[in-house]
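Colleague: Before we discuss this model, could you put the sequence and the coordinates up, so that I can ask on what grounds each label was given?

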Amino acid sequence: MRFVDEFRDADTAHALSAKITALCEPGRQYKLMEVCGGHTHTIYKHGLEDYLPEQITLVHGPGCPVCVIPMGRVDDAMALASEPDVIMTSFGDMMRVPGSNGSFFDAKAHGTDIRMVYSPLDSLKIARKNPDKRVVFMAIGFETTAPSTAMTVLRAAAEGLTNFSIFCNHVTIVPAIKAILDSPDLRLDGFLGPGHVSTVIGCRPYEFIARDYGKPVVVAGFEPLDILQSIYMLMVQLSEGRAEIENQYARVVPWNGNTVALKAIGQTMELRPYFEWRGLGFISHSALKVRDDYAAFDAERLFSVPGVRVADPKACQCGEVLKGVLKPWECKVFGTACTPETPIGTCMVSPEGACAAYYNYGRLTRHRVKEASGT
Amino acid sequence: MCLGIPGEVIEFLPDQPDLARVDVSGVRRVINIGLLSDDPPKPGEWVLIHVGFALSKIDEDEAASAMQFLKGIGQAYDDELAALAESRIE
């Protein structure tokens with residue numbers, strides 16, 4: 001059991017594990033969803049499921065920004081990138097996401113000018129240096145990255161840049177959580193709230209989960225002990241019959257979020273009436289578009305975007321994985337036709353995707369141990 | 001992309017109040033600190049950086065444990081740091 005030695009405070013982890021086990025009611029099964037892909041990564045990397053009693057199942061949520069982008073939006077981006085004089089810029093995570101006709105990397109190999117950037121501000125620099133080109137930034141991510149895009153648009157406007165725009169695919173986490181709560185597929189007992197998203201939006205937006213659905217939420221940090229501590233806090237609430245919003249990651253997440261960031265988002269973007277999420281389908285008011293005031297920086301208005309809806313490949317079950325209905329290894333193509341080198345679905349592309357995290361750390365979880373030992 | 005990378009603020013850029021030079025694991029790069037304008041960091045303080053923007057101030061202990069965590073992540077962290085090293089924000 002090598003994971004036991006892998007993090008500094010294995011003793012603390014075992015102590016938390018014992019306290020969590022002690023809080024389980026006999027005969028009751030608990031399903032806790034970690035919303036954030038970063039948490040999923042930590043859970044697999046450190047084999048945290050092995051610290052939990054059989055009664056607790058961790059369900060992986062939709063909080064992987066690359067994973068939830070539907071294929072149609074990738075195809076739209078590809079169409080934008082193929083327009084004359086366009087330079088498309090994108091975060092590295094997005095480069096391998098498959099569209100109907102391959103990924104950004106494939107298109108780049110065939111001569112399309114797609115460039116990987118670390119920050120949207122790097123795209124701005126490319127625009128300044130290439131005044132005869134039109135630079136389109138593929139804006140993706142939850143509220144963690146939306147403020148950066150917003151600040152970049154504000155900067156472009158202040159500089160009077162006329163050859164920079166964004167293809168806005170920013171999504172908001174709360175409507176996705178609500179969609180999962182409303183789904184009949186899954187009965188959850190509580191949530192580990194996303195850490196970095198909450199740095200921006202704070203803890204208040206989750207209050208409806210406790211108030212209207214009676215489920216507890218604990219906003220969690222990213223280290224293994226943060227996650228175990230947060231699970232313990234959820235279990236204390238459940239054992240006491242409470243449903244509240246608690247902040248385990250208060251050393252980074254302010255209760256009210258980052259008001260400057262929220263203001264920048266509000267100034268440049270507004271909610272779309274609806275947006276398609278991979279696996280979750282169309283969700284009302286779940287994504288952002290560029291406001292009219294900043295239309296000059298909106299690629300969807302500057303170019304003709306096909307806007308075609310493309311069904312995911314039949315073999316791919318990312319949708320079920322994103323909803324937490326399937327575990328990664330229960331997908332038919334997991335680890336065979338679909339691997340990080342040749343991903344069919346988005347969950348295998350991003351390091352935050354549940355499938356990639358599980359594949360990369362291919363650990364003997366307790367399920368596998370049971371299977372292997374024939375018990 | 002969603003990883004928050006801790007960096008130590010070294011100095012502010014003259015004429016560009018929103019930009020600061022930070023040190024991330026020995027790599028010095030310019031980032032935007034405009035999102036912290038309510039409570040700007042001072043040189044020597046630590047921030048958590050997302051895609052070129054400081055999103056929150058953190059203390060040195062949190063920075064150290066965040067960095068240790070990131071290094072444990074392996075490839076995803078290496079990729080993020082390599083991307084940061086390529087970044088040339090002006």
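Colleague: What makes you call β6(A) mostly covered, and how many of its residues are buried?

Modeller: This is a predicted model, in which local features need pLDDT of at least 70 and side-chain atom pairs count only at pLDDT 80 or more, while totals for chains, interfaces and linings use all residues. Residues are numbered from 1 along each chain as its sequence is written, and chains are lettered from A and ligands numbered from 1 in the order in which they are written. Helices (H or I, at least four residues) and strands (E, at least two) are DSSP runs, numbered from the N terminus. A residue is buried if 20 or more other C-beta atoms lie within 10 Å of its own, exposed if 12 or fewer, and partly exposed in between, with C-beta atoms placed from the backbone. In β6(A), 7 of its 7 residues are buried, and the strand is therefore described as mostly covered.

Colleague: Which residues of β6(A) point one way, and which the other way?

Modeller: A:F164, A:I166, A:C168 and A:H170 point one way, whereas A:S165, A:F167 and A:N169 point the other way, and all are buried.

Colleague: What makes A:K289 partly exposed?

Modeller: A:K289 has 18 C-beta neighbours inside 10 Å, which lies between the limits for exposed and buried, and so it counts as partly exposed. The residue is found in strand β13 (residues 288-290) of chain A. Two residues are in contact if their C-beta atoms, placed from the backbone, lie within 7 Å, and, leaving aside neighbours within four places in sequence, A:K289 is in contact with A:C168, A:M269, A:E270 and A:R272. One of these partners, A:C168, is among the buried residues of β6(A).

Colleague: Why is B:D15 called exposed?

Modeller: B:D15 has 6 C-beta neighbours inside 10 Å, and because the limit for exposed is 12 or fewer, the label follows. B:D15 lies in the loop between β1 (5-13) and β2 (16-24) of chain B, and its phi is near 70°, a positive value in a residue other than glycine.

Colleague: And what of A:H285: which class does it fall into, buried, exposed or partly exposed?

Modeller: With 15 other C-beta atoms within 10 Å, A:H285 falls between the two limits and is therefore partly exposed. Its place is in the loop between β12 (281-284) and β13 of chain A, and A:H285 has a positive phi of about 45° although it is not a glycine.

Colleague: How do you know that β5(A) and β6(A) pair, and in which sense?

Modeller: Two strands pair if DSSP finds at least two bridges between them; β5(A) and β6(A) have 7 bridges, so they qualify, and the sense is parallel. The bridge partner of A:V136 in β6(A) is A:S165. The chain crosses from β5(A) through α7(A) to β6(A), and this β-α-β crossover is right-handed, a term used if, with the strands pointing away from the viewer, the path from the first strand over the helix to the second runs clockwise.

Colleague: What is the order of the sheet to which these strands belong?

Modeller: It is an open sheet of 4 strands in the order β4-β3-β5-β6 (chain A), with parallel pairing. Its edge strands are β4 (114-116) and β6 (164-170) of chain A, each of which pairs on one side only. The twist averages 25° from one strand to the next, where axes are lines fitted to C-alpha atoms, for helices over the stretch in contact, and angles run from 0 to 180 degrees between N-to-C directions. Helix α4 (residues 71-81) of chain A packs on the sheet, touching β3, β4, β5 and β6 of chain A, and its direction makes about 140° with that of β3(A).

Colleague: Why is β1(A) said to be largely enclosed?

Modeller: Of the 7 residues of strand β1 (residues 30-36) of chain A, 6 are buried, so the strand is largely enclosed by the rest of the structure. β1(A) pairs in the parallel sense with β2(A) over 6 bridges, and A:C36 stands opposite A:G63 in β2(A). β1(A) also pairs in the parallel sense with strand β7 (residues 190-193) of chain A over 3 bridges.

Colleague: How many residues does each chain bring to the contact between A and B?

Modeller: 33 residues of chain A are in contact with 30 residues of chain B.
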